[in-house]
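User: I am new to this structure and would like a close look at a single part of it. Please start from one contact between side chains and work outward from there, explaining each term as you use it.

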Amino acid sequence: MRSLLDVNNPIMRFLTAAFDLMALSALWLLFSVPIVTMGAASTALYHAVYHHVRKGEDYLWHSFWSAFQENFKRSTLCWLAALAVLGLLIADAAVLRGRYLNGAAFGWLYYVILGLLALALTWTVYLAAYAARFRGTAGEVLRFSFLLFRAHPLILLGVLVIVLGGIALALTLPAMVIFIPGAVYLGASFPMESTFYRHMRPEDKERIEKEKKEA
């Protein structure tokens, strides 16, 4: 019985991580209510998922709130740019869906737009992750997150599958939305962090390897 209550027990670690992901997902939903703040909320979510859930650093609330405040301006600017792209694709999808259902010419483009929309949504995950992990202006975050997004197709495919899986689960079981955002960012953090590591400066790689040995 004592071993079951041990915080280092695998079951307890899993339950703790699940609770943390639900709490962070709830914070993300709350701070995303005015849609203009969703970019800063997403950056804060990734920061807390990486530092608190994965690495066990900092307190949950402080990890999220400090990242939200620190990255608010540039993450909001980046999100507004991404929102414009998403809005255009959603509008195109709405128009082409009608043509597809009516059997009109070029209705098949509806599925092309859906594919582009899925890629754009995946890029927003890269955008939030890059803003959370690296410094730079909004323009630099937009540029380098997109370059990393397209530089590693296999990793992009992995993140895309995770994002689409989260969307499918949310549509099938809406109640899971309290868990899905954090779970998606946690799952996506593993392939994305491997991408980030490849492009880090040597001194940053050395620092990370030192942290792993000390953990």
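Analyst: Glu70 and Arg135 form a salt bridge, with their closest N and O atoms 3.6 Å apart; the term stands for a side-chain nitrogen of Lys or Arg within 4 Å of a carboxyl oxygen of Asp or Glu. This pair links distant parts of the chain, since Glu70 lies in helix 4 while Arg135 lies in the loop between helix 6 and helix 7, 65 residues apart. Helices here are DSSP runs (H or I, at least four residues), as strands are (E, at least two), and they are numbered from the N terminus. Both Glu70 and Arg135 are exposed, where exposed means over 50% relative accessible area, buried means under 20%, and partly exposed lies in between (1.4 Å probe, protein chains only).

Before going further, note that this is a predicted model, in which local features need pLDDT of at least 70 and side-chain atom pairs count only at pLDDT 80 or more, while totals for chains, interfaces and linings use all residues. Residues are numbered from 1 along each chain as its sequence is written, and side-chain values use heavy atoms, with hydrogens and water left out.

In general, side chains of opposite charge can pair when their charged atoms come close. The structure holds three salt bridges, and the other two can be set beside the pair described above. Glu193 and Arg133 meet through their side chains in a salt bridge at 2.9 Å, N to O. That pair, too, links distant parts of the chain, with Glu193 in helix 9 and Arg133 in helix 6, 60 residues apart. Here the surroundings are of another kind: Glu193 counts as buried because its relative accessibility is 9%, and Arg133 counts as buried because its value is 19%. The remaining salt bridge joins the side chains of Glu57 and Lys55 (3.6 Å, N to O); Glu57 counts as partly exposed at 31% relative accessibility, and so does Lys55 at 33%.

Returning to helix 4, which carries Glu70, we can ask which of its residues are buried. They are Leu60, Ser63, Phe64, Ala67 and Phe68. Seen down the axis of helix 4, these buried residues fall within an arc of 120°, so they line one face of the helix; the arc is that of the directions from the helix axis to the C-beta atoms. An α-helix has 3.6 residues a turn, so residues three or four places apart point the same way. The cover over the buried residues of helix 4 includes helix 2, helix 3 and helix 5.

Ser63, a member of helix 4, deserves a look of its own. Its relative accessible area is 0%, so Ser63 is buried. Leaving out residues up to four places away in sequence, Ser63 touches His47, Ala48, His51, His52 and Asp58, a contact being heavy atoms within 4.5 Å. Asp58, one of those partners, lies in the loop between helix 3 and helix 4, and it has a positive phi of about 60° although it is not a glycine. At 37% relative accessibility, Asp58 counts as partly exposed.

Phe64, also among the buried residues of helix 4, leads to the interior. In the largest nonpolar core, which has 55 residues, Phe64 is among those that touch the most other members, together with Leu24, Tyr46, Tyr126, Tyr185, Met192 and Phe196. Helix 2 (10-31), helix 3 (38-54), helix 4 (60-70), helix 5 (72-101), helix 6 (109-133), helix 7 (138-151), helix 8 (153-172) and helix 9 (180-198) each supply at least two residues of this core. The largest share, 13 residues, comes from helix 6. A nonpolar core is a set of buried Ala, Val, Leu, Ile, Met, Phe, Trp, Tyr and Cys residues joined through side-chain atoms within 4.5 Å.

Tyr185, another of the core residues just named, can be followed through its contacts. Setting aside its neighbours within four places in sequence, Tyr185 is in contact with Ser42, Leu45, Tyr46, Val49, Thr124, Val125 and Ala128. Among these partners, Tyr46 is itself one of the core members that touch the most others.
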